[in-house]
Amino acid sequence: MYNNALGVERDAAAAAIWWRKAALLGDADGQARLGAGHRIGAGVARDAVAALAWPIRARSGRSPFAERFYSGVCASCSPAQIAEAERRAAWPLEPEEAAP
């Protein structure tokens, strides 16, 4: 809703909060969208490693958004950033961080 201004004012920071909650609960589309936010700095800090780590997770959850997003992000990362993103993507999720 906040990303697309559906019934509310557009608010990238609020959208990122909800994407993070969903991502930490294992929602693949939330993970992909949080990665997209990190790539462009929409509501969250720009972070190339986080921008790749979240879509790596989302791909395993079969998010169609992640599939479209992954290649472009990967191409813009160094080998060290890719390795770090793969390492982070393997970390266990911390769903209690998603609680309001």
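**An all-helix chain and its buried contacts**

The chain contains 5 helices and 0 strands. Everything described here comes from a predicted model. Followed along the sequence, the elements give the pattern α-α-α-α-α. The chain has 100 residues, and 37% of them are buried. Contacts that link separate parts of the sequence also deserve a look: of the contacts between residues at least 6 apart in sequence, 56% join residues at least 24 apart.

Helix α4 is a good place to see how a helix can have two sides. This helix spans residues 64–75, and its buried residues are A66, F69, Y70, V73 and C74. These residues lie on the same side of α4, because the arc they cover around the axis is only 125 degrees. The spacing makes sense with a little helix geometry: an α-helix has 3.6 residues a turn, so residues three or four places apart point the same way. On the face turned away from the buried side, α4 carries the exposed residues P64, R68 and A75. The cover over the buried residues of α4 includes α2 (28–40), α3 (48–60) and α5 (79–89).

Helix α2 holds two residues that are worth following one at a time. Q31 is found in this helix. With a relative accessible area of 4%, Q31 falls under the 20% limit and therefore counts as buried. Its side chain reaches the backbone nitrogen of A58 at a distance of 3.4 Å. When neighbours within four places in sequence are left aside, the residues in contact with Q31 are A23, G26, W54, P55, R57, A58 and L93. H38 also lies in helix α2. Its relative accessibility is 14%, so H38 is buried as well. A polar atom of the H38 side chain lies 2.8 Å from the backbone oxygen of A45. Not counting residues up to four places away in sequence, H38 touches V44, A45, R46, D47, A50, A51 and W54. W54 thus appears among the contacts of Q31 and among those of H38.

Helix α5 offers a residue in a less enclosed setting. E84 has its place in this helix. At 22% relative accessibility, E84 counts as partly exposed, because buried residues must be under 20%. The side chains of E84 and R87 are joined by a polar contact of 2.7 Å. E84 also shows how the fold brings separate stretches together: E84 and V49 are 35 residues apart in sequence, while their C-alpha atoms are 6.7 Å apart in space.

The final feature is a pocket. The largest pocket has a volume of about 260 Å³. Its lining is made up of 14 residues, and those closest to the centre are R20, L24, W54, R88 and W91. The elements that supply two or more residues to this lining are α1 (12–24), α3 and α5. Among the contributors, α3 gives the most, with 4 residues. By type, the lining residues divide into 8 nonpolar, 1 polar and 5 charged. W54, already met as a contact of Q31, is one of the residues closest to the centre of the largest pocket.

How values were computed: Residues numbered from 1 in each chain as written. Predicted model: local features only at pLDDT ≥ 70, side-chain atom pairs only at ≥ 80, totals over all residues. Heavy atoms only, no water. Buried < 20%, exposed > 50% of the residue type's maximum accessible area, 1.4 Å probe, protein only. Arc of directions from axis to C-beta. Contact = heavy atoms within 4.5 Å. Polar contact = N/O pair within 3.5 Å; in protein donor to acceptor, adjacent residues only side chain to side chain. 1 Å grid on protein atoms, 1.4 Å probe; cavity = no way out; pocket = protein on both sides within 12 Å on 5 of 7 lines; lining within 4 Å. Points joined across faces, edges and corners; volume = space filled by probe spheres on them. Nonpolar A, V, L, I, M, F, W, Y, C, P; charged D, E, K, R; others polar.
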